[in-house]
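Me: Please take a close look at one part of this model, and set it in the context of the whole. A connected account is fine.

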Amino acid sequence: MSPQTETVTVPLGERQYTVRIGPGVASGIADRLASLNASQAVVLADSTVAALHSQALLGMLEDVPTTLLTFPAGETNKTLDTYRSLMDQLLSLSPALDRRSVIVTLGGGVTGDMGGFLAATALRGIPFIQCATSLLAAVDASVGGKTGVDTAAGKNLVGAFHQPAGVFVDTDFLATLPAEELDNGLAECVKHGVIRNGSLLGFIDDNAAAIRAMDSAVLTDLIARNVAIKAAVVVSDEREAGVRAHLNFGHTIGHALETFFGYDTLSHGQAVSLGMVAANAIAVSRGLFPAEQADRVKALLTTLDLPARIAGIDAAAILDLMQHDKKTLAGQVRMILPVDLGAVVIVDDITPDDIALALEAIKEG
Ligand SMILES: NC(=O)c1ccc[n+]([C@@H]2O[C@H](COP(=O)([O-])OP(=O)(O)OC[C@H]3O[C@@H](n4cnc5c(N)ncnc54)[C@H](O)[C@@H]3O)[C@@H](O)[C@H]2O)c1
Ligand SMILES: [Zn+2]
């Protein structure tokens, strides 16, 4: 394999798979289909990514019968209605879907979650391969086996754990990703650094301009470092009983901000950025985390054009949202707080005063 590519193994016993990263790695999907003895490949892409990259991918898969299925791009389409329509299409394919049919998701986290859930449930489970085309999917959504869809009651409440048979992050496909979509992935990269590896923060800082410019070699390195962190967390806690909760750093307040401001106003990456700054403020106030380290994280987020402050915060309304979150146990807010750059703890006794202090820290004006 070319020296510009990286491979990270996710060692989950029988469900072990590799994540290949770099320019041109998608050509390896054909070999993976062959090793799975695939009877056919069903490529799933949203409308945007299908228009940009499906022809290139289909051209690499000429050894097996291949079908392209598409659905309209966007989180609002990650629904049971889309799932049902795609499932109906899968079950009326000719040749018919069988246990050796393989779904290949080509796209961001929405496509990966949707295609993974289709694969988890069609015929009670068929293999799937992820070809991740957004930075968020590359560093976060494609690793860990969580699949599913959103419902009126909330995001990701219907789904299944189903590990992919392989993940391919072809940086040639990432090249067309809009800048604001890059932000969503970068916020998760900073999160990974804070929870597990302080030196990743230095790497991001040193390479911020090259990352922004979508330099393929730097992106490959960045993604490999992040996949290694996410994989290590998932492997130690595949079904989310303990330390996998560390991945929620920045997300407790972040999710409340997303709901309060609306998904159209605040992107996920911006919400997580603000959520991390807010969580850090609580950690500093409790004497858990040095103020200089919190300042370093804030400076890095600012370098990446991610927000550290926002106008229009209504603290009472946001606290209310947090206490009524379905993941909140008996009104008790649990948060992940840093104790060092690269280490976090789970704190269960977060008080309304802590949240008020955290929201004050990110309040503009
Ligand atoms: N399964 C998990 O563990 C996990 C983890 C984190 C997030 N998620 C899920 O991931 C989703 C968010 O992922 P996302 O940000 O990738 O969303 P997404 O899949 O909607 O992609 C974002 C946008 O970028 C476009 N896009 C993707 N790749 C592109 C490319 N190469 N060129 C041009 N446009 C491109 C898409 O068409 C879409 O409009 C959420 O639904 C979230 O719940 C899942
Ligand atoms: Zn996230």
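**The sheet and its helices**

Reply: In this predicted model, 74% of the contacts (heavy atoms within 4.5 Å) with a separation of 6 or more are between residues 24 or more positions apart. The protein has 15 helices and eleven strands, taken as DSSP runs numbered from the N terminus (helices H or I, at least four residues; strands E, at least two).

Seven strands form an open sheet with mixed pairing, in the order 1-2-9-6-5-3-4; a pair needs at least two DSSP bridges. Strand 1 (6–10) and strand 4 (66–71) are at the edges with a single partner strand each, so one side of each has no neighbour in the sheet. From one strand to the next the twist averages 20 degrees, with axes fitted to C-alpha atoms (for helices, over the stretch in contact) and angles from 0 to 180 degrees between N-to-C directions.

Strand 2 (residues 17–22) pairs with strand 9 (residues 166–170) in the parallel sense, over four bridges. Within that pair, V19 is opposite V167 of strand 9.

Two helices lie across part of this sheet. Helix 2 (residues 47–60) crosses strand 3 (40–46), strand 4 and strand 5 (101–107), at about 150 degrees to strand 3. Helix 4 (residues 109–121) lies across strands 3, 4 and 5 and also strand 6 (128–132), at about 165 degrees to strand 5.

As for the whole, the C-alpha trace spans about 60 × 45 × 35 Å along its principal axes.

Residues are numbered from 1 along each chain as written, and chains are lettered from A and ligands numbered from 1 in written order. Local features need pLDDT of at least 70, side-chain atom pairs count only at pLDDT 80 or more, and totals for chains, interfaces and linings use all residues, while side-chain values use heavy atoms, without hydrogens and water.
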